[in-house]
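Take a moment with the sequence and the 3D view. The text below walks through two sites, one after the other.

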Amino acid sequence: MKDLLRVNNLSIFAPTAAGEVPLVRSLTFNVSGGERVALVGESGSGKSVTARAIMRLDPGLRTQGEVLFDGQELSTIPEEDMAGIRGGGIGMVFQDPMSALNPLMRIGEQIAEPLAARGVPRRTALAKARQVLDELGVADAARRMWAYPHEFSGGMRQRVVIAMALVAEPSLLIADEPTTALDVRAQEQVLALLSEVSRQRGLATLIITHDIGIVAEFAQRVMVMYSGSCVEHGSVAEIFERPTHPYTQALLQAVPRLDGPIERLVSLPGSSPRPGARPVGCPFAPRCSQAVEKCRTENPELLTSGGHGPHEVACHLAHMEVTQNA
Ligand SMILES: Nc1ncnc2c1ncn2[C@@H]1O[C@H](COP(=O)(O)OP(=O)(O)OP(=O)(O)O)[C@@H](O)[C@H]1O
Ligand SMILES: [Mg+2]
């Protein structure tokens, strides 16, 4: 299928007193039309800055590389065209619904806003807002359109934010931790809803999460990020069957089992390096129980790993095994 979003060698730098610090390094990936891709990794790995760089939301950060949406290079188009793409061709949902909503505006008006901004008449825009609320399972949408955000629960507010993102019928949705701020029950409901809407609309979705359980439930393909780089990428089936990077293996071991206690089974000792304090060699080496000398001196490239379907990994050990077995 054709690439809808293509990110080529995206690097993101933050200015500091001591010079520029790389937050994301040479990230390359694509999302095809209708495809659901997950970006997973622990806190600080660069997931949100990547999403925000695609949308050009952090003008204080310098980016390098290409971001092609529907064949159009987003990093060079005028800001007013970019503003049209936000909430237009690309819908966005962030972690905290409250910060995305105006507390003083009725929710129907807020959902209709992206259409109104595109010159759609108010009545038509409101009718469409109501229709999207219906689609998102908000009972009695015709009445509840006139409520204010504080009258809604967290889960309902996030549905409103999703409705805002969907009202202009985007072809791509970027959802950054869309359920993290919700209670467990609302998390499940909102995730199920997103999944259903993505499937029904044939909506390509880039979902960002630190929860590998959400990856399994929602996505078809996954990229694992560590310290600003992609360390493993592949189809969800392939990554869950054959996790190859020791970091991915640790993430998978940390999934709470449905039949067991909810706490993490294994917690990965240590923490990921701060941007600017990334070691030479593999960024995961200081926490990796399998690291050898080469891991501490040479940064491994993301290379194709044997398996069924797409699978790439940036790990010297994986490629040594492949070479030895060849
Ligand atoms: N505007 C900014 N200026 C400077 N540094 C930033 C900026 N935004 C983020 N960072 C740094 O970039 C790194 C990646 O941050 P990012 O928010 O992308 O992480 P994340 O993977 O989304 O983590 P989380 O799971 O906590 O949301 C972090 O070290 C963060 O402190
Ligand atoms: Mg984030």
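What follows looks at the surroundings of a ligand and then at a pocket. Keep in mind that this is a predicted model.

Start at ligand 1. The shell around ligand 1 holds 13 residues. Ser43, Gly44, Lys47, Ser48 and Val49 come nearest. Which element gives the largest share of this shell? Helix H1, residues 47-54, does, with three residues. By class, the shell has five nonpolar, five polar and three charged residues.

Now turn to the contacts. Three serines each place a polar atom by an oxygen atom of ligand 1. For serine 43, an N or O atom of the side chain is 2.5 Å from a ligand oxygen. Serine 48 also uses a polar side-chain atom, at 2.9 Å. Serine 45 uses a polar backbone atom instead, at 3.2 Å. How much of ligand 1 does the protein cover? On its own, ligand 1 has 640 Å² of accessible area, and the protein covers 63% of that.

Next comes the second largest pocket. About 480 Å³ of space lies in it. Its lining is made of 18 residues. Closest to the pocket centre are Arg86, Gly87, Met92, Pro114 and Met164. Four elements each give two or more residues to the lining: strand S6 (90-93), helix H3 (97-100), helix H4 (107-116) and helix H7 (154-166). What classes do the lining residues of this pocket fall into? They divide into 10 nonpolar, four polar and four charged.

Definitions and conventions: Residues are numbered from 1 along each chain as its sequence is written. Chains are lettered from A and ligands numbered from 1 in the order in which they are written. This is a predicted model: local features need pLDDT of at least 70, side-chain atom pairs count only at pLDDT 80 or more; totals for chains, interfaces and linings use all residues. Side-chain values use heavy atoms; hydrogens and water are left out. On a 1 Å grid over the protein atoms alone, a cavity is a set of points where a 1.4 Å probe fits but cannot get out, and a pocket is an open set with protein on both sides within 12 Å along at least five of seven lines; lining residues have an atom within 4 Å of a point. Grid points are joined across faces, edges and corners, and a volume is the space filled by probe spheres set on the points. Ala, Val, Leu, Ile, Met, Phe, Trp, Tyr, Cys and Pro count as nonpolar, Asp, Glu, Lys and Arg as charged, and the others, Gly among them, as polar. A residue is near a molecule or strand if one of its heavy atoms lies within 4 Å of it. A polar contact is a pair of N or O atoms within 3.5 Å; within protein, one must be able to donate a hydrogen and the other to accept it, and residues adjacent in sequence count only if both atoms are side-chain atoms. Accessible areas come from the Shrake-Rupley method with a 1.4 Å probe; for residues, only the protein chains shown count as cover.
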